[in-house]
Every structure is written in structure tokens, then in C-alpha cells.
Amino acid sequence: MEGIIVKGIGGFYYVKINNEIFECKARGKFRKDGLSPIVGDRVKITLDKGKGAIEKIYERKNELVRPLVSNITQAFVVFAMKNPDINLDLLNKFLLQCEIKDIKAVVCFNKIDLIDSYEEHEAVKMIKKAGYEYIFLNAKNSIGLEEVRGKLKGNITVFCGPSGVGKSTILNNIVGKDVMQTGEISEKLKRGKHTTRHSELVEVCEGFVVDTPGFSSINLTIESKEDLKDYFPEFWDYEHQCKFNGCLHYKEPGCIVKRAVEEEKIDENRYKFYTRTLEEVINGGKNKW
Ligand SMILES: Nc1nc2c(ncn2[C@@H]2O[C@H](COP(=O)(O)OP(=O)(O)O)[C@@H](O)[C@H]2O)c(=O)[nH]1
Ligand SMILES: [Mg+2]
Ligand SMILES: [Zn+2]
């Protein structure tokens, strides 16, 4: 039988198959291979006298560390129009993280009640130009939440973004219980003690939602400077038009991406973020934010 791990606690894994949950232990061989099952894993299980055993973990599409989950397909990258103000670099870092992990990003602009003409906001214009999907929300008054729900089907979705933007407000509403309260409390406790709150997958609207917000701090590793441009979808159209093969769209002459920036077809803030990140990759390799 094959299913997905929706919860892990004290060495037990809860595997959902169709509409049933099976409590399973992992076979000892996994520990020998240095592999432990995590929430999100697709697994093969066997049952013996009602006891479940995980026999096989299928290859992971991706893996997040905080929260510890695998096979994420979609991220709602939440920012607030105000309180706190949008940090464009941070927004771009979240998007970059999603590209690296091969996660579809949907930007959620929350707290639209706090500013006038929010569609004219620099960040909104940037996201439109970059071609990412986006949703406007006023989570406190349940505006935009239907649109969020409409995107859950068939996905494993994680909510991410800086603190104070409204992630918990959205999640509580979507998941329909006060899951985040617990998350917040343990966040505070973490400073003193080492408490672990494991994330769970909650089934909503024919998809799964991770009940703990994801990667509020980002730790990006970009292997080589040549890789970085591939994580900027708006560059792809121009890819093979530059004068030089393997153009990094940096200081090379005859660069069509740079021309597109000048012609305002590519957002300048995005391009600047690209070159700054490229410089960091060239100088250090490992990027921590
Ligand atoms: N004005 C306004 N405030 C909101 C909205 N959504 C959430 N908030 C408030 O913003 C604060 C932070 O929300 P929270 O969900 O805890 O953010 P988190 O840190 O990202 O989980 C809370 O006081 C919320 O009530 C909104 O759409 N408009
Ligand atoms: Mg929160
Ligand atoms: Zn170029």
C-alpha cells in the first residue's frame, strides 16, 4: 500500500491512504542508511496484525528544514502592504528559495485595508512584471481567502513570510482550527527550552497544508554562479538571445536581459537583486540571510 506521511510523533508515523490513517513504524534499515521518514514523504507500507511498517520512502521532490517537510509543491509567500512594510529584497529571497526548491510561489499581499491604491505599490508592480501569481488579501476580514482555498487542490502547500504579516491569521482561517496558537507559544518557549513542535499536513480543499509557517529565515545555497539566472523566470524568454553563450546577464556586452531592463520589460528591482546575489555567489558561494 502506498500513502503519504501526514504526521510524525515519537517514532510513529501516520500514513494517509485514501481516507484512512495508518500508524506505522519505520523499518530499522532506514536508520542504517541514515534516512528518516519525514512528514510529506510518499511511502510504501505493509500491515502485519494491524501494525504498520514503512518499507520504502519514495524519492523526495524537495525537502524543507524548518518546518521539516518534504514534497512541497506550492508556497504562499505572505507579505503585508503595511505593518510591517515590504522589504523587496526579502520578498525576492523567498521567491528565489522557492525556485531553488522547485516550489510554485504565489505571493499573498495581505493587509490591503491599510493602504490606498495598493495595486500601485512597488512590490505589486514588481511581482506582476516578474510574472508570479499573486492574491490580494485582508485576512482579518476574510477577504481573499476563497482565492487562497481555490489554489490548494492537489498541492502540498506551505505558508511562508516574515513575522507579523498575517500568516497565522490566514492559516487559522484556512485550516479551520487554532493550530497556529500552539506554534506561536512554542516559538517563544524555544528560546529557553528545546521544545519541538512537529508540523502536520492538514487536508483542506482536496490538498494538504503544512500547519506551521515555513522558512521565516532563509538559508540559501547556490552551487554555482551559472545556476542563479535559471531561478529568475522572467529571464528565460531572453536566454539564448544574448551575444555570448552562457551570458550571466551581468557585465557582458550585447546582453539582451540588460536591454530588457533598460526597456522596462524586466523589473529593475528584480535585476538589481539578481546582480547583488550573483556578486555574493561569486565572492562567497554560500548565502545566509
Ligand atoms: N489590518 C490588518 N491586520 C491584519 C490583517 N491580517 C492580520 N492582521 C493582524 O496582523 C497581526 C499579525 O498577524 P499574524 O497572523 O499573527 O502574523 P504572522 O506573524 O505572520 O503569523 C495580528 O495583529 C493580526 O490581527 C489584515 O488583513 N489587516
Ligand atoms: Mg504567526
Ligand atoms: Zn545576457
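Helices are DSSP runs of H or I with at least four residues, and strands are DSSP runs of E with at least two, both numbered from the N terminus. This is a predicted model, in which local features need pLDDT of at least 70, side-chain atom pairs count only at pLDDT 80 or more, and totals for chains, interfaces and linings use all residues. Residues are numbered from 1 along each chain as its sequence is written, chains are lettered from A and ligands numbered from 1 in the order in which they are written, and side-chain values use heavy atoms, with hydrogens and water left out.

Starting in the loop between strand 2 (12–17) and strand 3 (20–26), one meets Asn18, a residue other than glycine whose phi is nevertheless positive, near 55 degrees. Another positive phi, near 60 degrees, belongs to Lys111, which is placed in the loop between strand 9 (104–110) and helix 3 (122–130).

Two cis peptide bonds can also be followed along the chain. Arg66 is joined to Pro67 by such a bond, with omega about 0 degrees, and Pro67 lies in the loop between strand 6 (63–64) and strand 7 (69–70). Asn83 and Pro84 are likewise linked by a cis peptide bond, with Pro84 in the loop between strand 8 (74–80) and helix 2 (88–100).

Further along is a metal site, where the zinc ion (ligand 3) has as its protein donors Cys242 (SG), Cys247 (SG), His249 (ND1) and Cys255 (SG), at 2.1 to 2.4 Å; donors are N, O and S atoms within 2.8 Å of the metal, or 3.2 Å for Na, K and Ca. Along the chain these donors follow the spacing C-x4-C-x1-H-x5-C. The angles among the four donor atoms are 104 to 115 degrees, and the site is tetrahedral, a term for four donors with all angles between 85 and 135 degrees.

Conventions: Four donors count as tetrahedral if all angles lie between 85 and 135 degrees; four count as square planar and six as octahedral if opposite donors are over 155 degrees apart and all others between 65 and 115; anything else is irregular.
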